[in-house]
Each structure stands twice: as C-alpha cells, then as structure tokens.
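Good morning, colleagues. Please bring up the structure on the screen, and I shall take you through its organisation.

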Amino acid sequence: MKKVQFKSNYSQYFFLAPQLLILLIFLYWPIIQTFKDAFTMQDAFGFGSQFAGFDNFLFIFSDPSYFTAFKFTIIYSFVITLITGSIGLLLAVQANKVMHGKSAYKTLLIWPYAIAPAVVGVMANYFFSERYGLLHHLFNNLWGFNWYENVFDAYIYVIIAGSWKQISANFIFFLAGLQAIQKTVIEASIIDCKSNIRRFWTITFPLLMPTTFFLIIINITYAFFDTFGIIDTTTIGAPGSETKTLVYKAYIDGFKGLDLGSAGAQSIMMMIIVLVITIFQFRYIEGKIHYN
Amino acid sequence: MTKYISSTINHFILSIGLLIMVVPIWIIFASSTHSSLFINTNGLQFFLGDNFIDNYSRVLFKQSGFFNEITALKMFFNSFVMATGIATLSVITSLMAAYGLVYFKVKYATFIFWLIFITLLVPLELRIMPSYIVMSKLNLVNTFAGLILPISASAIATFFFRQFYKSIPDELLEAAKLDGTNSFRFFIDFLIPLSKTMIAAVFIFMFVFGYNQYLWPLIMTTSEQYWTVVMGLKTMYGSIADRFAFVIMSMIPPVIIIIFLQKLFIQGIFQNK
C-alpha cells in the first residue's frame, strides 16, 4: 500500500482483528449457511434435509413468479435511476446557478435523503389510500386509477414512492460534482460557446461523467435493496406479486414460506448480479472515465 | 434583462422541486395536528389544526404494540442505542482495520484485503434468513447486540478510511519514524486527529443508516421491548392522527442530523475524490 510502512510481527493483527472477527461471525458464517441452504433440499416438515445439487436453482428458474420479480426489479431500477437522476441533475444545475437563496434551497432539497425508506412508504400509503389519498383521487379522476387490480397503476405507486427520497441523493452528489468543476474551465468555455444548453451538454455534462456513473450504481443498489421497506409498507407485492422485488421475494419465500433452499438459491443469484455490477463498475468506471 | 429572465426560470424550477420535496411532509404534519374524527370525515389537511399537543403527547407516552408493552418514547430510546452502537462500532473497527491494511506489511495481505472487501457484495438483505438463524444459535435474538453486530459487519467504512489514509503523504510517517514513534502512538497521535472530518462523516452516515434499519429489527425483535421507531411505524396501531404524529416524529432525528451536519457530511464524502 504505502512505500513507507511499519515492520512488525504482531501489532498489525491487533488492528485487523476486531473487524475480521465481526465479519467472520456475522457475515461469513451466514454466507456459508446461505450456500449450504441453496444446495440442500428440506422436507416439508423441516425434519430432514439432503444434498440437492442445483435442484433449488432449477426450481427458481422454472418458477414464473421468479421471472416476474426479476422483470419488475429491472424495470424498477431502470425507471428510478432515470427519474431521480434527471430530476436531481436538473435541480442541481439550477441550484448551482442561482445567486440568492442557494443554501436555503440546498437544505430543503437535501433533507428527505435522511428519511428511512419504510417511513417514506408509510407516508406514500396515505397519499395512495382510497379513503384519504390525494394522489389516489387525482389519478382516479384522470384514468380510473386502481392499484389493487391494475399492474400498471401499482407500478406508478411504487415508482413514485421509491423515487421521491432518492431525488435528494442525486441532487446532493450532482451539486457537489458541479461545484468541483474548476471555474477556469467554465469561463473558457463561455468564450468559445455562447449557447447555454450546448455548453452544458458538451462541456459540463462530460465533466460530470464520474459522478453520473457513481450515481447510476448508487441508484441501482438502492432500487435492489433499500426499497424493501417501501414495498413492505405500500403494495406488499400487489396486485398479485407483480411489484415484488427480488429481495422482497427472497424474504417472503424464506421467512414466510420457510423455503430456505429456494431463498438461499435466490440470494446467491442476487450475489452474482451484484458481482457483475461491481466488476462493471471497477473495469469500466474506475478504469476509463477519469478527468482529474 | 436576459439575465433576469434566466434567473427567474432557475428559481421557478427550484420552487417546483421544493414543492415536490416539502409538500408531502407538510400535509402529513398539518394533518397530524387535527383530531382523527376530523381527518376521517374531511381527509388529509393542508392547514394546521389545534390538536398538536394532544396528539403528540398521547403518542409519546401511550403504551402501544400488540401487547401494550411499549411507548413511542421507548422506541426512540431503542433506536438511539441501536444507531449509536452501529456507528461507534463501525468507526472503531474500520479505522483500525484500514490502518492495519495501509500502514503495515501484512502476511497474506491480498487475502485479508479480499476477505474484508468482498463483503461489500453481500448486503444484509441477501443473508437475512441465515443471519437470523446464526443469531438465534448465539442467543442474541431480542438483544441490542443482536440488533447492532450484524449491521456493523460492513466494510464500507473501511473502504472510505483506506482511501483517506492512502491520500496522506508518506513524509508524515517518515518524519514520525525519525522521531522514534511506534505504530500505536502514530495511530493515536497523528492519524486519528488527521481523520477527524472523515470520522465524523462516517459516524453520521452509519448513525442514519442504523436508525433507518427496518427489516433487521423486524426479524430480530419478537419482544416488543426491543422495537425500534422505524419498524414500529408499521406495526403500531392507533388512530389515524396518532399515526401521522408518529410518522413525523420518526423522521426528526435523522433529518436534524443531516441538516445541521450536511457540510461535514458532504466534505467527508468528497475528501476521497
């Protein structure tokens, strides 16, 4: 790591030990358990279990509801990334330009970032309830909105609930990215190009590329994992199970359905997805896009 | 003139953004100051009512839950213990581990590095069932240790501290070595003071992260005595006004932390870049 280091026979382990110990007990042990579950089949009464090879994986691949969850998770991450990224960027560009009230805007736009997804879900619940819900009434008047029965309407419900707080995160990082761009670069570009909009797309936006890619990863991870609290407090997968994310489905199958084998296999599939995203991040983003 | 118009457009777009972010919370807050009867007949409210003190004090001190064993006040206490525990433990273990990785020649360094950082691929949501089983084997269900330890088992903070240490010039250690400083003294007298901003930022991040946990406390606490605020929201029953009041109260601690410490937080994140 460093050219100059301490040479010692034992003290480095003193520093590494606490974290390694916690990771081994509370992370590696459960992970090993996950792999064990994924490759064993338990009988219905939980009395015995036997090695099952890839049966659990074959089972989830032949299960249509797994593909429903897979499809929803992909759509959900894509739409959330697109909506929150573009609104966050739009607001950050405006906030970076204004002379007056900059810090007031910043504070008021940042704070929803701190609210727990589950709390956002509970709030969304009120706005989409048949009894009190303002948005429910509004959409219902427009096109007969009914998320208990209509898949598309349920999508709208969880997308609005899921995007809301994530706009703040995108705003924070884009604003910080914009402020990190050197003034001289912007001043030079003003001389060369008069059009504000063209200048943004040809100079500013490419300079924001590292931030953009970072946020794409953040948003995808958010849509995959953090939205659990939102789904569990809003649709619970309704109408059928069309709004279950992969994480939510694994939880329901494992914890409510007590099918540890299937839940384990689903967890391993998700680990593979996360691995692919991470490799992509390291190879593509850390390697190629660097402007500093 | 054109400058005036473009700045008006900026403010206009920002105001729409503000409306989207602020109005939903305002409506819930305004509604939480009315009586349940009023909300049930008239729907969500935009203007304040006069039941603020009534509703909020009732929620804070009333026994709730399925067995009426816990008050909202106790849930706040539990959430604070959990969040502080997670933040403290993560900061201490990560600070130390990053120091061990960056400043020492370690045998099997690559192996240990991967042992720590591969864990970033496995968030708690992916190992929720087996984690529960492990915790029940260790008799940690319905304990604060059970709420805190698995969430502190994360290398994200180690990653941040490692990046930060790597940005510190080598000359610092060279100079310290010339003065005969040993590794423990160097850590305590030089690195910790230098990392103050980073430590604060990581602490804030982990505190909010811990406070906002939902799934893990839901699974780990079968006894109402250990319910936390965020999970209590869904399970708590009560009249509609009580629930609104509880939603508003539940978001106050993390929001205050982020608003007052936003500079520190953002600075900490971007020190790495």
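I shall speak about the fold of chain B and then about the contact between the chains. Please bear in mind throughout that this is a predicted model.

Let us begin with the secondary structure. Chain B is built from 14 helices, with zero strands. Following the sequence from one end to the other, the pattern reads α-α-α-α-α-α-α-α-α-α-α-α-α-α. How spread out is this chain, set against a compact globule? Its radius of gyration is 24 Å, whereas the globule rule gives 19 Å for 273 residues; the computed value is well over that figure, so chain B is more spread out than a compact globule. The C-alpha trace of chain B spans about 75 × 70 × 30 Å along its principal axes.

Turning to packing, 43% of the 273 residues of chain B count as buried. Within chain B, if one takes the contacts between residues at least 6 apart in sequence, 74% of them join residues at least 24 apart.

I now come to the contact between the two chains. Chain A contributes 69 residues and chain B contributes 70 residues. On the chain A side, the elements that give two or more residues are helices H1 (11-38), H3 (64-97), H4 (102-110), H5 (117-127), H7 (151-180), H11 (228-233), H12 (246-256) and H13 (260-288) of chain A. Which of these gives the most? That is H1(A), with 16 residues on the side of chain A that touches chain B. As for the chemical character of that side, it has 49 nonpolar, 15 polar and five charged residues.

Thank you for your attention.

Note on methods
Residues are numbered from 1 along each chain as its sequence is written. Chains are lettered from A and ligands numbered from 1 in the order in which they are written. This is a predicted model: local features need pLDDT of at least 70, side-chain atom pairs count only at pLDDT 80 or more; totals for chains, interfaces and linings use all residues. Two residues are in contact if their C-beta atoms, placed from the backbone, lie within 7 Å. Helices (H or I, at least four residues) and strands (E, at least two) are DSSP runs, numbered from the N terminus. Ala, Val, Leu, Ile, Met, Phe, Trp, Tyr, Cys and Pro count as nonpolar, Asp, Glu, Lys and Arg as charged, and the others, Gly among them, as polar. The radius of gyration is taken over C-alpha atoms; the globule rule is 2.2 Å times the number of residues to the power 0.38. A residue is buried if 20 or more other C-beta atoms lie within 10 Å of its own, exposed if 12 or fewer, and partly exposed in between; C-beta atoms are placed from the backbone.
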